[in-house]
Structure formats: structure tokens, C-alpha cells
Amino acid sequence: MKKLLTFIVLCVCCSTLVAQPSRKEGRRERKAPQEQVEITPTVVKLYENGAPDSNGITQPEKDHGWGVVNVTEPTLAIYVAKGERATGQAVVVCPGGAYQFEAMNNEGHPVAKWLVRRGITAVVLKYRLPNAHPDIPINDALAAIEYVRTHAVELGVNPAEIGIIGFSAGGHLAASASTRFTSEANRPDFSILVYPVITMTMLTHGGSRDALLGKGASEELIKEYACENNVSASTPPTFIVHCNDDGVVPVENTFMYVEALRRNKVPYTLQIYPDGGHGWGFLEGPGRLDKWRRSFYMSLGHWLKTIDKE
């Protein structure tokens, strides 16, 4: 009987120990990150008195969730980095979408929130879609850079640390701004290209080329708007990333741009991941660069902290 009572007491004690959370688990619960405070941007028109020219689109603008179509009025959604964490940097964000729509919910606002949490002011550009008017989105990108530089004091940014990031066709837009700027006022100080469309040759994304240049574009036009042909020694330092299994925009686009950067002695950082596909942007989840996501964020964050932008 005595042995039976001893066994029962031991069982009760063991059950109590199992039911109690460990000290390590308790610490983990107390250290759980608090919910991020939602950041609301200020939205302004890119051109105070309206766009200076027309892209010929007459249908009303519409946001389908997966992308904004029929953009004729360009705007800037400005996320200002404040407080001690502010670095003085600013980045204009150019979402992709084959120059036919703009993937704001994937390659626009989530990018801006990632940047501003790291102390970088972010400006999401809703640019006019080209509709076979190739200079129109490029002019919008250059105007956005000039806007941020002109308003640097009120935005709390360094006018010598204003960069641009673009995705897919937005990568072509960011590369175009980095190679076709017209003055120091609209030249980006650094450039980030994510699975970018670069060339307009057979290796390009056909839908992007047709939307930008029009179907059946001439060889002269194709050559003129192929970004690898416009790189110079004045092209800003570049961070460029692509996946080897991208089935939408061939990775050769990135290689062509990198080779042009190398020839012109422009500093660059190149990240090629073995898999991850296309269009993963800054939304996370299965199949969205999940194996390499942490590496991408760490590499880009380190580059933004250390890159020489002169």
C-alpha cells in the first residue's frame, strides 16, 4: 500500500511538471513581437497641374486587387521614415505588371513598408502605362526622383541618397531611369532591379515589349529602349537579383545588364537564386522565394547600409 501511494504521488508530480510551461517557453511568449502599426502614406499628384502629355488611354482607371489598369494620372504614395532610425535615404518604388498593369499589392506598398521600417523613406510611383508611348512612364520615373530631391528637406532625406527600385517591367523602368536620366536633378543615386526586364530583343518578355513599344516595333526602337545599350559610366551603383528558373523574364536579361555595368566599371551586386520563379515581390508565403527570402532581405539590407553611392 505504501509503495502504491508513493507511485501515485510521483505520477501527480510528473504530470504537474509536464503541464507547466518551461522558463524558455515563458520567455519566448513575453518576447513575441508586437503587431506592426499600420503606416498610412501621403498621396500626392506627380504633376501638380496635370500630366504634360497623354498616353492615349481613355478607359477609367481601375484597381482589380491584382493590379491597377488604365493609369493616366500618376501619383506618389509617400511613406516618410521618422525618428532616430531614419537613415536619410529615399527610394522610389516602381511595381511591375508587363507595362499593362501595376502590381501595387505585391511590388508596391509592401516594398515601401519594408523600407520605411528600416528607416528609409519610400515613395510608391503609380506611373502612367505606356500604351506604346515609351517615354511616358520613363518621364514619370524621372519626375518622381526629381520630386523627392526637390522636397528633400520636408521629407527629411539626403538629396544625394535617392534611389529607385523596380520589379519585372518596373525593373525596366528603374533601369531606364538609371540610364536615360537627363540631369543631376533626376538621376537616381542607386538602383535596385528585381527580376527585371532589361532588353527588348528576342530574350525579353514579349508582352512588356509590345505594351511599351507597340507590336511590330522597328529594330531602331528595340535597340533604343534596350537598357543594356544605354549603360554608361554615370549609371548608378546597382543591386540586381533574379532566379535561374524564371519562366517569365529570362535570367539572361540580368546577365546582359550586368555585363554592360562591368564594361562601364559601374559597381554592382548580383544575386542569382537557383529557384523562386517570377513575381514574388515582397509578399511572403509558399512558392514566393520562401527558401531564399531571408537571404534576399539580409543581402539587400546590408547593401543599402554600405553601398557607396558617389
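The buried residues of helix α4 are covered by elements that include β4 (75-79), β5 (90-94), α3 (104-107), β6, β7 (162-167) and α11. The model is predicted. Helix α4 is mostly covered, with 6 of its 8 residues buried. These buried residues are Pro110, Val111, Ala112, Trp114, Leu115 and Val116.

The wider chain gives the setting for this helix. There are 11 helices and 10 strands in the protein chain. The chain has 310 residues, and buried ones make up 49% of them. Contacts were also sorted by separation along the sequence. Among contacts with a separation of 6 or more, 77% are between residues 24 or more positions apart. The protein chain exposes about 15,700 Å². Carbon and sulfur atoms supply 54% of that area.

Two surface patches were examined. One is a patch of positive charge, where Arg85, Arg117, Arg118 and Lys305 gather on the surface. Arg117 lies in the loop that runs between α4 (109-116) and β6 (121-126). Its relative accessible area is 33%, so Arg117 is partly exposed. The loop holding Arg117 thus follows α4, the helix in which 6 of 8 residues are buried.

The other patch is nonpolar. Phe255, Tyr268, Leu270 and Ile272 form this patch on the surface. Together they have about 310 Å² of accessible area. Strand β10 (residues 268-273) gives the largest share of the nonpolar patch, 3 residues. Leu270 is found in strand β10. Leu270 counts as partly exposed because its relative accessibility is 32%.

Charged pairs were considered next. Side chains of opposite charge can pair when their charged atoms come close. A search of the whole structure finds 10 salt bridges. One of them joins the side chains of Glu259 and Arg262, at 2.7 Å from N to O. Both residues lie in helix α10 (residues 252-263). They are 3 residues apart, about one turn of the helix. Glu259 is partly exposed, with a relative accessible area of 32%. Arg262 also counts as partly exposed, at 48% relative accessibility.

Glu259 takes part in another salt bridge, with Arg263. Here the closest N and O atoms are 4.0 Å apart. Arg263 and Glu259 both lie in helix α10. Their spacing is 4 residues, again about one turn of the helix.

A further salt bridge links Asp275 with Lys291, and the closest N and O atoms are 3.1 Å apart. Both Asp275 and Lys291 lie in the loop between β10 and α11 (293-306), so the pair ties together parts that are 16 residues apart in sequence. Asp275 counts as partly exposed, because its relative accessibility is 26%. Lys291 is exposed, with a relative accessible area of 57%. Elsewhere, Asp53, Arg128 and Asp140 are joined into one network by salt bridges that share partners.

Backbone angles were considered last. Tyr195 has a positive phi of about 35 degrees, although it is not a glycine. Tyr195 sits in the loop between β8 (190-194) and α8 (206-213). Its relative accessible area is 1%, so Tyr195 is buried. Lys265 is another residue other than glycine with a positive phi, near 60 degrees. Lys265 is placed in the loop between α10 and β10. Its relative accessible area is 74%, so Lys265 is exposed. The two residues therefore contrast in cover: Tyr195 is buried, whereas Lys265 is exposed.

The loop of Lys265 lies between two elements already described. Helix α10 carries the salt bridge partners Glu259 and Arg262. Strand β10 supplies 3 residues of the nonpolar patch.

How values were computed. Residues numbered from 1 in each chain as written. Predicted model: local features only at pLDDT ≥ 70, side-chain atom pairs only at ≥ 80, totals over all residues. Heavy atoms only, no water. Patch = residues over 30% accessible without salt bridge, like charges linked within 9 Å, V, L, I, M, F, W, Y side chains within 5 Å. Areas by Shrake-Rupley, 256 points an atom, 1.4 Å probe, with all protein chains shown as cover. Lys, Arg positive; Asp, Glu negative; His and termini not counted. Charge placed at Lys NZ, Arg CZ, Asp CG, Glu CD. Buried < 20%, exposed > 50% of the residue type's maximum accessible area, 1.4 Å probe, protein only. Contact = heavy atoms within 4.5 Å.
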